[in-house]
Amino acid sequence: MAGTPALEIRNLEAWYGESHVLHGVDMVVQPGEVVTLLGRNGAGRTSTMRAIMGLTGARKGSVKIHGVETIHLPTHRIAHLGLGYCPEERGIFSSLSCEENLMLPPVLKTGSQGMSIDEIYAMFPNLAERKNSQGTRLSGGEQQMLAVARILRTGAKLLLLDEISEGLAPVIVQALARMIITLREKGYTVVMVEQNFRFAAPLADRFYVMEHGQIALQFGADELEAKMPVLNQLLGV
Ligand SMILES: Nc1ncnc2c1ncn2[C@@H]1O[C@H](COP(=O)(O)OP(=O)(O)OP(=O)(O)O)[C@@H](O)[C@H]1O
Ligand SMILES: [Mg+2]
């Protein structure tokens, strides 16, 4: 696995005001990898994603996106390096239609083309059916698909997805799993935070487990079975 990593985090620390939440996170993700960040509630997974985007308070350490150091950059500059963040709260504009939501995001200056509306509808047939529906009228699953689709429109090739399967019906969770597989086939790099171990386990190439604002364990998909006892201990899965 040579070449420049899509994401390289070294000794990342982050604070919310006085509260020190990340205590030296290390994580390296190669282009095209699907990586899952596991951990108990409050372990610091969302904070890691927010810190990558420059959305916490102070941060320290190193976060390189495709080799570019971003630790001193503001969020809008970080986003323009081709990073797409899908937060837990999704951020769908409720007064706009599904399609209007899709037309909103700016296209990044990375030179990489975002997905066209046609490509989006081919990947998410539900959204095509619902294109004229108002944001508030979409189901939770449709809103989640829309939130991811909107990021794909920007041309971002490195995706940070926070608990996309949370609270959704099994049939939607299956559709999201197929989406991750399609994104991998298309060459996207995916870092996903998941509580739903059964969803994440068959999708990820590698796993990181966080505890108390640090990486407690990392391993590849081929080691998953051997790591189950320690995962049980760390996560109670
Ligand atoms: N805005 C904030 N201000 C102060 N502390 C925060 C803030 N957001 C999170 N924290 C704290 O930071 C720590 C890590 O929280 P984080 O949201 O990163 O956890 P998580 O792993 O995503 O877990 P979960 O999503 O299950 O809550 C927790 O102790 C949490 O209370
Ligand atoms: Mg979280």
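Mentor: Let us begin in strand 4, where the bridge partner of Glu8 is Lys64; please keep in mind throughout that the model is predicted.

Trainee: How many bridges join strand 1 to strand 4, and in which sense do the two strands run?

Mentor: Strand 4, which covers residues 59–65, is joined to strand 1 by 6 bridges, and the two run antiparallel.

Trainee: Which residues make up strand 1 and strand 2, and how do these strands pair?

Mentor: Strand 1 spans residues 7–16 and strand 2 spans residues 19–29, and their pairing is antiparallel over 8 bridges. One place to look is Ala14, which stands opposite Leu22 in strand 2.

Trainee: What do strand 1 and strand 2 form, and what can be said of Gly17?

Mentor: Strand 1 and strand 2 form a hairpin that has 2 residues between them, and in the turn Gly17 has a positive phi of about 60°.

Trainee: What is the order of the open sheet of 6 strands?

Mentor: A general idea helps first: in a regular strand, side chains alternate between the two faces of the sheet. In this structure, the open sheet of 6 strands follows the order 6-7-8-3-9-10, and its pairing is mixed. Its edge strands are strand 6 (83–86) and strand 10 (214–220), each of which pairs on one side only, while the twist from one strand to the next averages 15°.

Trainee: How do strand 9 and strand 10 pair?

Mentor: Strand 9, residues 206–211, pairs with strand 10 in the antiparallel sense over 6 bridges, and Phe207 stands opposite Phe219 in strand 10.

Trainee: Which strands does helix 1 touch where it packs on the sheet?

Mentor: Helix 1, made of residues 45–52, touches strand 3 (34–39), strand 6, strand 7 (158–162), strand 8 (189–193) and strand 9, and its direction makes about 145° with that of strand 7.

Trainee: At what angle do helix 6 and helix 7 pack, and how should I read that angle?

Mentor: The general idea is that an angle under 35 degrees counts as roughly parallel. Here helix 6 (residues 140–153) and helix 7 (residues 170–185) pack at about 15°, with their axes 10 Å apart, and the two helices are therefore roughly parallel to each other. Their crossing is right-handed.

Trainee: Which residues make the contact, and how do they divide into nonpolar, polar and charged?

Mentor: Helix 6 contributes Gly141, Gln144, Met145, Val148 and Leu152, and helix 7 contributes Ile172, Ala175, Leu176, Met179 and Leu183. The residues of this contact divide into 8 nonpolar and 2 polar, with no charged ones.

Technical notes:
Residues are numbered from 1 along each chain as its sequence is written. Chains are lettered from A and ligands numbered from 1 in the order in which they are written. This is a predicted model: local features need pLDDT of at least 70, side-chain atom pairs count only at pLDDT 80 or more; totals for chains, interfaces and linings use all residues. Side-chain values use heavy atoms; hydrogens and water are left out. Axes are lines fitted to C-alpha atoms, for helices over the stretch in contact, and angles run from 0 to 180 degrees between N-to-C directions. Helices (H or I, at least four residues) and strands (E, at least two) are DSSP runs, numbered from the N terminus. Angles under 35 degrees count as roughly parallel, over 145 as roughly antiparallel, 65 to 115 as roughly perpendicular and the rest as oblique. A crossing is left-handed if the near helix is turned anticlockwise from the far one by less than a right angle, and right-handed if clockwise. Contact means heavy atoms within 4.5 Å. Ala, Val, Leu, Ile, Met, Phe, Trp, Tyr, Cys and Pro count as nonpolar, Asp, Glu, Lys and Arg as charged, and the others, Gly among them, as polar. Two strands pair if DSSP finds at least two bridges between them.
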